Amino acid sequence: MAEVRYEAASRIYPGTEIPAVNALDLDIADGELLVLVGPSGSGKSTALRMLAGLETVNKGSIFINDVDVTLKPPQDRDIAMVFQNYALYPSMTVAENMGFALKQAGVSKEQRRAQVVEAARILDLEPYLDRKPKNLSGGQRQRVAMGRAIVRSPQVFLMDEPLSNLDAKLRVQTRTELADLQARLGVTMVYVTHDQVEAMTMGHRVAVLKDGLLQQVDTPRELYRRPANLFVAGFIGSPAMNLITVPVVDGAAQLGGLSVPLPDDVRAEVARRGLDEIIFGARPEHLALADVGASGEVAVVEELGSEAYIHVRVVHGQETEDVVVRVGGETAVKRGDQVSFGIAGATHFFDPGGDRLDGE
Amino acid sequence: MALFTRAPKAEPILGQNRVIAHVLALLTWLIGLLFFFPLFWLVLNGFKDELDANSSPKLFFDPTLDRFSEVTEDTTGLLSFTEAFGNSFWIVLISTILVMALAIPAAYALAIRPMRKWRDVLFFFISTKFLPIVGAIMPLWIIARDLDLLNTRAVLIILYTAMNLPLAVWMLRSFFAEVPNELIEAAQIDGCSLMGQIRQVILPIVAPGLAATALLCVIFAWNEYFLAVQLNPVEGSTMPVWVASQESGRGNFLAKLSAASVLATLPVVIAGWVAQKRMIRGLAMGAIK
Ligand SMILES: Nc1ncnc2c1ncn2[C@@H]1O[C@H](COP(=O)(O)OP(=O)(O)OP(=O)(O)O)[C@@H](O)[C@H]1O
Ligand SMILES: [Mg+2]
């Protein structure tokens, strides 16, 4: 069991200028499942591999249990990693794969067998112990990779998109099992994904990365409730938050006929900085059809059965904006209808640079 | 690696294309036979007596094993079959082991931990083969003489190792390069030492490649004639020199030469046949993904 700490850790790949991971500060508590999420190329894998010891840390340090491991090779870090393509040893059976780390550690054959069988039991892999990886399905291989990690009860579990090769249904199922397993074992886990739904459903806390920079790290609920900047606001939540640049008139954001009064602290900040345009954000589920408010023509209706997302084309200054509004499944709206909507929940305000306006 | 994968079963062909397909098949067989024929004739000649072998081409004759016993007979003062075979065996075995022992680490370094300018290094290896061996034989002979290595097995072991090394490094590098990096990383994380990674993770995956490379080294070393005849033409020499020694100044020797050639070819053919089966199976079994 272990805590992990990144202290201003950077990775600059040879031959590149911009760090792939830029001065990352991150504390991961003992027994926590922390998810690193971000778009492709944001440095998630790099950050994970730095912790694994597979990538040089060019600046800063990394601690596991207050021990500085920055310069230690992977062998000496007592971590286990599940790779995206599982990286099972093709010439070994499932049992040999799972027992490999124990064998390296000099564990006796009987002891090894016992631990492997125990892990196989947890993962329902018992019937496959003598098979070679190539004779397994994708889901089974994924479990073998998991088994290889849990057999040795490491300090930290590292997972780099371990579910991305599974089909959608299996992915959802495995995601739950994985979170459950982590909770049962009580092991610290760092989990990388580009899928924000996966991040939100699994993570105790979620760290959002973009271009190698940590944008925000918080519980899924806080990320949803108070995204620290425009990027997080747009990245977290599905469907994405509506983010529209709007003028501020008399302390209220103006959106095509809808006037959204700014909260006091936002208004004070806007006045202090003399902003006349801000970015207004509202999630589709926090907007609702109303008799008065912003109005426009329905451009698209996305019907999901229990609910529907309608894209309302709002004329707004010189431009038109599509604003997505969630409506109940029984609401009869169709393409071409003229509708109005208003605020029915949380609103968010960002400065033109993308930072959240209501305080830190 | 495509070299060793089995061709997919031919699709059934419809209509007039069928005629073309048959013509092509026939042509393929003809060309195949054309290539095979000299070998066939060689084997046939080995079972004839000199008269039959040297008269106009004769397909039917009384087969005899006499030529084989003649060529394998020990004659004092001449390189005998058993001696040549033994020499070849040890020279080929030791040089191939040396080649593999040197090429595996080199290939590992070039494929898995490439340093800067690794391409230049690779090019250097192959560039040693640019010089025709005839061009180098003079200095080689002088060096061998000065080191008292003329007419020893050692000189051939050294030279065959040097001769096959560049090829082995090239081949092994490309096999090693196909080992997914994650496997090595996974092994590191599992606490595996460098030697352990090579022995337990990499080598099992590249085993078919190792077999193919070793086989080629064996074949090249076994068949090498020029260096052997220049630097070690007497008792310590190898099979190709022994085959050539069956030529004689007087009388006919075609059947004897054929029999000797068959004996010299057989081990390689058998080795190749066995290795090929294993390589195909190994490649299929060790499928990386
Ligand atoms: N070996 C390398 N050499 C140079 N640049 C690299 C190397 N590996 C990654 N990068 C760069 O570092 C950045 C971060 O890469 P990384 O693999 O960490 O992204 P990621 O967030 O895991 O993306 P993905 O979701 O696509 O896996 C990218 O811009 C990538 O191009
Ligand atoms: Mg990645």
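**Entry 1: helix H1 of chain A**

I looked up the burial of helix H1(A) in this predicted model. Lys44(A), Thr46(A), Ala47(A), Leu48(A), Arg49(A), Met50(A), Leu51(A) and Ala52(A) are buried in H1(A). The helix runs over residues 44–52, and because eight of its nine residues are buried, I record H1(A) as largely enclosed by the rest of the structure. I then checked the backbone beyond the helix: Gly53(A), just after H1(A), has a positive phi of about 90 degrees.

Arg49(A) called for a further check. I found Arg49(A) in a network of salt bridges together with Arg11(A), Glu55(A) and Glu185(B). Arg49(A) is also listed among the buried residues of H1(A).

**Entry 2: helix H9 of chain A**

On which side of H9(A) do the buried residues lie? I first listed them: Val266(A), Glu269(A) and Val270(A) are the buried residues of this helix, which covers residues 264–273. They fall within an arc of only 100 degrees around the axis and therefore share the same side of H9(A). The face turned away from that buried side bears Asp264(A), Ala271(A) and Arg272(A), which are exposed.

I next examined a charged pair within this helix. Arg272(A) and Glu269(A) are joined by a salt bridge between their side chains, at 2.9 Å from N to O. The two residues stand three apart in H9, so about one helical turn separates them. An α-helix has 3.6 residues a turn, so residues three or four places apart point the same way. Arg272(A) is exposed, at a relative accessible area of 60%, whereas Glu269(A) belongs to the buried set of H9(A).

**Entry 3: other salt bridges**

I noted the total: over all chains, the structure holds 21 salt bridges. Side chains of opposite charge can pair when their charged atoms come close.

In helix H5 of chain A I examined Arg184(A) and Asp180(A). These residues form a salt bridge in which the closest N and O atoms are 3.6 Å apart. H5 comprises residues 168–185, and because the partners are four residues apart in it, about one helical turn lies between them. I compared the accessibility class of each partner: Arg184(A) is exposed, with a relative accessible area of 58%, and Asp180(A) is partly exposed, with 41%.

I then turned to a pair in strands. Arg326(A) and Glu307(A) meet through their side chains in a salt bridge of 3.5 Å, N to O. This pair connects distant parts of the chain, with Arg326(A) in strand S17 (residues 319–328) and Glu307(A) in strand S16 (residues 307–316), 19 residues apart. For Arg326(A) I recorded a relative accessibility of 35%, which counts as partly exposed.

**Entry 4: a charged patch on chain A**

Which residues form the negative surface patch? I found Glu3(A), Asp25(A), Asp27(A) and Asp30(A). I located Glu3(A) in the segment before strand S1 (4–11) of chain A. Its relative accessible area is 41%, so Glu3(A) is partly exposed; residues of a patch must have over 30% and take part in no salt bridge.

**Entry 5: chain B**

Finally I surveyed chain B as a whole. How many helices and strands does chain B have? I counted 12 helices and zero strands. The order along the sequence is accordingly α-α-α-α-α-α-α-α-α-α-α-α. The C-alpha trace of chain B extends over about 70 × 70 × 30 Å along its principal axes. Chain B has 289 residues, of which 40% count as buried.

Notes
Residues are numbered from 1 along each chain as its sequence is written. Chains are lettered from A and ligands numbered from 1 in the order in which they are written. This is a predicted model: local features need pLDDT of at least 70, side-chain atom pairs count only at pLDDT 80 or more; totals for chains, interfaces and linings use all residues. Side-chain values use heavy atoms; hydrogens and water are left out. Patches are made of residues with over 30% relative accessible area and no salt bridge: like charges are joined within 9 Å, nonpolar side chains (Val, Leu, Ile, Met, Phe, Trp, Tyr) within 5 Å. Accessible areas come from the Shrake-Rupley method with a 1.4 Å probe; for residues, only the protein chains shown count as cover. A salt bridge is a side-chain nitrogen of Lys or Arg within 4 Å of a carboxyl oxygen of Asp or Glu. Lys and Arg count as positive and Asp and Glu as negative; His and the chain ends are not counted. The place of a charge is taken as NZ of Lys, CZ of Arg, CG of Asp or CD of Glu. Buried means under 20% relative accessible area, exposed over 50%, partly exposed in between (1.4 Å probe, protein chains only). The arc is that of the directions from the helix axis to the C-beta atoms.
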